[in-house]
Amino acid sequence: MIETIANLMTLVFVVGSMVSMGLSLTPAEITAPLANLRTVVLALAASFVVAPLAGWGIVLLTGLDDALATGLIVIAAAAGAPFLPKLVQAAKDDVATGVGLMVLLMAATVVILPLLLPLLLTGVVVDSWAIAGSLILMMLLPLALALAARARYGAAVEPVQAVCAQAANVALIVLVGLLNVMNFRDMIGLVGSHGLIAALLFYVVVAAVGYLLGGPVMALATAQRNISAAVLVAGQNFGIDVLTFIVTASLIGMLVLFPLAGEFGRRRVRPNA
């Protein structure tokens, strides 16, 4: 029952966030940041070179067992997630840039993930169409439809945008609470395995590198991994231990990144206080 509600809240959050963002932005606002070649190159390098290397290095450093090591590598290879615009919003930064980077990294994940994972892990066959289908259906399609509605109806969509934004916020709060309940024992069980330390270290390292490369938005874009794609890959190729670690690590990521985004936001408004 709890798992079903969590899945429903995930769907409401993802679709609600995409629709809300699409109804509040224009295609030009989203694509404008991607016209900067330096931003695009840095985002791709941070997410698909630095993050996988960081995951691989942390696996060696912490001596994780095979299942946990596999889970961390899968997380490190999957980028672009619907939480990114919400994190950027919490950081009081440019949401359009966050949405643009999210779309870029999601699309790149569909192409790069099936090529990258076999290089990092032996015996892995990734169904790129399954990944693409879930990303397109749950994220890109709602975003595209909402952008079209905004272009067609203008300010008339504002009440719908407000409702979708509120629904996404409520779903996120419920989802975080449910994830804590569902994964509490798993998190406790990982204490002696270095799994929690490895996950925490990964998110801190990649956020720091992203910040050095491009500031707060790049930090959040680099550190927020595509857990939906990671779970999909784990479900197709690995056992329950890998899947459990991925879900638990994603919770750790939220516990790191949302406070970090809040700190970015406080720093951004402090000079004007």
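On the surface of this predicted model, M1, I5, V170 and V174 together make a nonpolar patch of about 360 Å². One of these residues, V170, belongs to helix α8, which spans residues 158-189. V170 is partly exposed, its relative accessible area being 42%. That value qualifies V170 for the patch because membership requires over 30% relative accessible area.

From the surface, the description turns to the interior. The largest nonpolar core holds 88 residues, and among them L117 and F202 touch the most other members. Helix α6, residues 95-120, supplies the largest share of this core, with 13 residues. Separate from it is a second core of five residues, among them V19, A146, V157 and C164.

The surroundings of F202 can be followed in detail. When neighbours within four places in sequence are set aside, F202 is in contact with A51, A54, G55, I58, L72, I75, A76 and R225. Of these partners, A51, A54, G55 and I58 carry numbers that fall within helix α3 (37-62).

Helix α6 also contains I112. Is I112 buried, exposed or partly exposed? With a relative accessible area of 27%, I112 is partly exposed. I112 therefore falls outside the nonpolar cores, since the residues of a core are buried, and buried means under 20% relative accessible area. Although I112 and S228 are 116 residues apart along the chain, a distance of 15 Å separates their C-alpha atoms.

A further buried position is found in helix α12, which covers residues 240-269 and includes S250. The relative accessible area of S250 is 12%, so this serine counts as buried. Which residues does S250 contact, leaving aside its neighbours within four places in sequence? Its partners on that basis are Y203 and I227. Y203, a contact of S250, directly follows F202 in the numbering, and F202 is one of the two residues that touch the most other members of the largest core.

The last position to consider lies outside the helices. A35 is placed in the loop that runs between α2 (27-31) and α3 (37-62). This alanine is exposed, because its relative accessible area of 68% is above the 50% limit for that class. A35 and L11 are 24 residues apart in sequence, and their C-alpha atoms lie 31 Å apart in space.

Note on methods
Residues numbered from 1 in each chain as written. Predicted model: local features only at pLDDT ≥ 70, side-chain atom pairs only at ≥ 80, totals over all residues. Heavy atoms only, no water. Patch = residues over 30% accessible without salt bridge, like charges linked within 9 Å, V, L, I, M, F, W, Y side chains within 5 Å. Areas by Shrake-Rupley, 256 points an atom, 1.4 Å probe, with all protein chains shown as cover. Salt bridge = Lys/Arg side-chain N within 4 Å of Asp/Glu carboxyl O. Helix = DSSP H or I, 4+ residues; strand = E, 2+ residues; numbered from the N terminus. Buried < 20%, exposed > 50% of the residue type's maximum accessible area, 1.4 Å probe, protein only. Contact = heavy atoms within 4.5 Å. Core = buried A, V, L, I, M, F, W, Y, C linked by side-chain atoms within 4.5 Å.
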